[in-house]
Amino acid sequence: MIEFRQVSKTYPGSDKPVVEDLSFEVLEGEICVLVGPSGCGKTTSMRMVNRLIEITEGEILIDGEPNTAMSGTQLRRKIGYAIQQIGLFPHRTIADNIGTVPNLLGWDRGRIKSRVDELLDTVGLSPDEYRNRYPAELSGGQQQRVGVARALAADPPIMLMDEPFGAVDPITREGLQDEFLRIQQDIKKTIVFVTHDIDEAIKMGDKIAILKQGGVLAQYDTPENILSEPDSEFVSSFVGGDRVLKRLSLTRVGEMDLEPANGGTDGLLRIDEGLTVKDALSELIGSGHSRAVVEKDGENGLLTFEAIEDLMGGASGEPSNGGESSA
C-alpha cells in the first residue's frame, strides 16, 4: 500500500507549491491514476514516491514505512518505472534492456535469461524473435511493451507509470492499454499511473486522483463515483459533458441483465459480450440496428437501446456539492 500524508512540494526560489497537502491511499493491487491539467503536479507527485523528487513537507508511506527509510537508489531498485519516452538503451539488446535491474541486483545469468523470456511472452513478444534485437529494430508499440517488461523485470510490488502509452498512435495505444490490464489481472501490482487523458484514466484506474493547479486534490474516488457524483464544478468540467457516455465504458455487455432472445435471431446484429456498452452502442448506431444478439453463458440475449438507456439512467446528476474535496 502507498499512502500520501499531507505531502507538499515547493521548489527553491518559489513561494508557491507545485503540490500542496496531498493525502490519499493506494491499496495493494490497485491502479491509481493521477490526472489533471498541464502543470498540476501529477508527475511530480508520482516521482516523489521513488524519490526522484524529494518531498518538502509530509511523508509517503510504503507498506507503513516512510519511503525515506532507505536510500533513494535502493528504493528505486524495488519500484518499477515505465515512462512515455521509454528510455531503452539503444546500444543494448532487448534482453539486456529488460535485464538491467536484475543485473544490478546481482541475479545470475540463467535466472535473468529465464525472467527475460517470461516477460517477453507476457507482453506478447516472442523471446526467440525479439530477445537479441535492438530497440531501433522495433516499432514504437513494441518498444513500449519492452519498457513495461523492463519495469516488471525484478518483480517489484510497486510500479510507477508516467504516460507509458502516450507516444504511440491511438490504435496501438488502445491495444497496449488492453494488454496491460490483462497482465495486471495476473500480477496485481500496486500502480501509480500518470496521464493527461481522462478517458485513459477512466479505463485504467481502480481509483482516480484528479488534481487541479497548485497540486491540490480535487477528488479521489472510483471512476464510477467520479462520473456519477463529481465533487465540484471543476471536476465536472474536467471530466466533460459526456459523463453519461463515459460511464458506459465502465461496463461490459456481458455484465448487463439482458432479456432472452426468444424466437429467431437470423439477420440481427451480433455483438461480443466482451465489448464495453459504449462500443456496443456505437456498433448499434453505426449499423442502423436498434437491437443485437449477445451470446452470454451459452444463451442468446437481446441488447436494446432501452436496456442501454436503463443503464444510463443514474448518470445524469449534477455535481454533488459546490465545494472542493480536500482529500
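Strands here are DSSP runs of E with at least two residues, numbered from the N terminus. By that assignment, residues 19–26 of this predicted model form strand β2, and Asp21 is found in this strand. The phi angle of Asp21 is near 55°, which is a positive value in a residue other than glycine. Asp21 counts as partly exposed because its relative accessibility is 38%, and the partly exposed class lies between the 20% and 50% cut-offs.

Strand β1, residues 2–9, holds another such case in Gln6. Phi of Gln6 is near 50°, again positive in a residue that is not glycine. With a relative accessibility of 53%, Gln6 counts as exposed, since that class begins over 50%.

Positive phi also turns up after a helix. Helix α8 is followed by Lys188, whose phi is near 50°. The helix itself covers residues 170–187, 18 residues in total. From first C-alpha to last, α8 reaches 25 Å, close to the 26 Å expected at 1.5 Å a residue.

At the N-terminal end, α8 is capped by Asp169. A side-chain oxygen of Asp169 lies 3.1 Å from the backbone nitrogen of Ile171.

Along α8, the buried residues are Arg173, Leu176, Gln177, Glu179, Phe180, Ile183 and Gln184. Their cover includes strands β3 (31–35), β7 (158–162) and β8 (190–194). Helices also contribute to the cover of these buried residues, among them α5 (109–122), α7 (140–152) and α9 (198–204).

How values were computed
Residues numbered from 1 in each chain as written. Predicted model: local features only at pLDDT ≥ 70, side-chain atom pairs only at ≥ 80, totals over all residues. Heavy atoms only, no water. Helix = DSSP H or I, 4+ residues; strand = E, 2+ residues; numbered from the N terminus. Buried < 20%, exposed > 50% of the residue type's maximum accessible area, 1.4 Å probe, protein only. Expected span 1.5 Å × (residues − 1). Contact = heavy atoms within 4.5 Å. Polar contact = N/O pair within 3.5 Å; in protein donor to acceptor, adjacent residues only side chain to side chain.
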